[in-house]
Amino acid sequence: VATWLKKIFGDHPIPQYEVNPRTTEILYHLSERNRVRDRDVYLVIEDLKQKASEYESEAKHLQDLLMESVNFSPANLSNTGSRYLNALVDSAVALETKDTSLASFIPAVNDLTSDLFRTKSKNEEIKLELGKLEKNLTATLVLEKCLREDLKKAELHLSTLRDKVDHRLQNMDFLKAKSEEFRFEIKAVEEKLSARGMDASLSHQSLVALSEKLAELKRQTIPLKRKLGSYLDLMPNPSLAQVKIEEAKRELDSIEAELTKKVDMMEL
């Protein structure tokens, strides 16, 4: 563990830590993992170095082959030729082909074209979905606006109703106070009238009862008047008719006198 820590920190001082079996075990496991990781990284580096060496050998072989067959070298290319060659190499790298032959470029371009069509199709689907979402969003915004307007109207209506209720409550309180005031005043007046010896028959309840009785008596006089009229239309014995007429007149006078008396009492 100490050797591994010295290797990790190099010239820098190793931080202080508590040395015990637990920390030593943890550091040992870390050192083992670090060793395994370093070994894997070393193998990858060696593999890349080997591939780079192989690529360099292959490039040297192809360059020698070109020189031997057609006496061609990249150094002999013009500026335009160098640009074309670099563009060809960049295209091969971008398309991830194994070489620059047509057999490698055509499948790579076809795959790229297929990916382009799939991407366009996906974009169209996304546009359609986006259009639906925009319509739904517009409808939602319109609905939200309508709901806000309805809410404002409801709040205004509720405020108006609240004002009306408050006004009615105030009127009710006023009427209750007035009712109590009138009740006390009526009671005081009744006590004063009772102290002065007022006849109970002249009270409001008595007058109402007399008025109802008067209406009943008037209703009862209607058939008597009709009966009297029938007697007046007859042509019987004059003396007997005269007696009946006198009786009817006396009964009518008695009723009218009682009615007059009741009316006078109600006016008082």
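In the predicted model described here, K51 forms a salt bridge with D47, with 3.6 Å between the closest N and O atoms; a salt bridge is taken as a side-chain nitrogen of Lys or Arg within 4 Å of a carboxyl oxygen of Asp or Glu. Both K51 and D47 belong to helix 2, where 4 residues, about one turn of the helix, separate them. K51 counts as partly exposed because its relative accessible area is 38%, and D47 is likewise assigned as partly exposed, at 34%. For these assignments, buried means under 20% relative accessible area, exposed over 50%, and partly exposed in between, with a 1.4 Å probe and protein chains only.

The model is a prediction in which local features need pLDDT of at least 70 and side-chain atom pairs count only at pLDDT 80 or more, whereas totals for chains, interfaces and linings use all residues. Residues are numbered from 1 along each chain as its sequence is written, and side-chain values use heavy atoms, with hydrogens and water left out.

The secondary structure of the protein chain consists of 6 helices and 0 strands, giving the order α-α-α-α-α-α from the N terminus on. Helices (H or I, at least four residues) and strands (E, at least two) are DSSP runs, numbered from the N terminus. Of the 268 residues in the protein chain, 9% are buried. The accessible surface of the chain amounts to about 23,100 Å², and carbon and sulfur atoms contribute 60% of this area; accessible areas were obtained by the Shrake-Rupley method with a 1.4 Å probe, and for residues only the protein chains shown count as cover. Among contacts in the protein chain with a separation of 6 or more, 38% link residues 24 or more positions apart, a contact being defined by heavy atoms within 4.5 Å.

Across the whole structure, the search returned 8 salt bridges. One of them joins D115 to R118, whose closest N and O atoms are 1.9 Å apart. These two residues are placed in helix 4 (residues 102-195), 3 residues apart, or about one turn of the helix. D115 is partly exposed, since its relative accessibility is 35%, while R118 is classed as exposed on account of a relative accessible area of 52%. A salt bridge is also found between R39 and D40, at 4.0 Å between the closest N and O atoms. R39 is partly exposed at 46% relative accessibility, as is D40 at 37%.

Helix 2 also contains N34. With a relative accessible area of 13%, N34 is therefore buried. When residues up to four places away in sequence are not counted, N34 touches W4 and I8.

On the surface, a nonpolar patch is formed by V1, I14, Y17, V19 and Y28, which together have about 450 Å² of accessible area. Patches are built from residues with over 30% relative accessible area and no salt bridge, like charges being joined within 9 Å and nonpolar side chains (Val, Leu, Ile, Met, Phe, Trp, Tyr) within 5 Å. Within this patch, V19 is located in the loop between helix 1 (2-9) and helix 2 (21-70), and its relative accessibility of 62% is why V19 counts as exposed.

With respect to aromatic side chains, R183 lies over the face of F184, 4.8 Å from the ring centre; a charge sits over a ring if NZ of Lys or CZ of Arg is within 6 Å of the ring centre and within 35 degrees of the ring normal.
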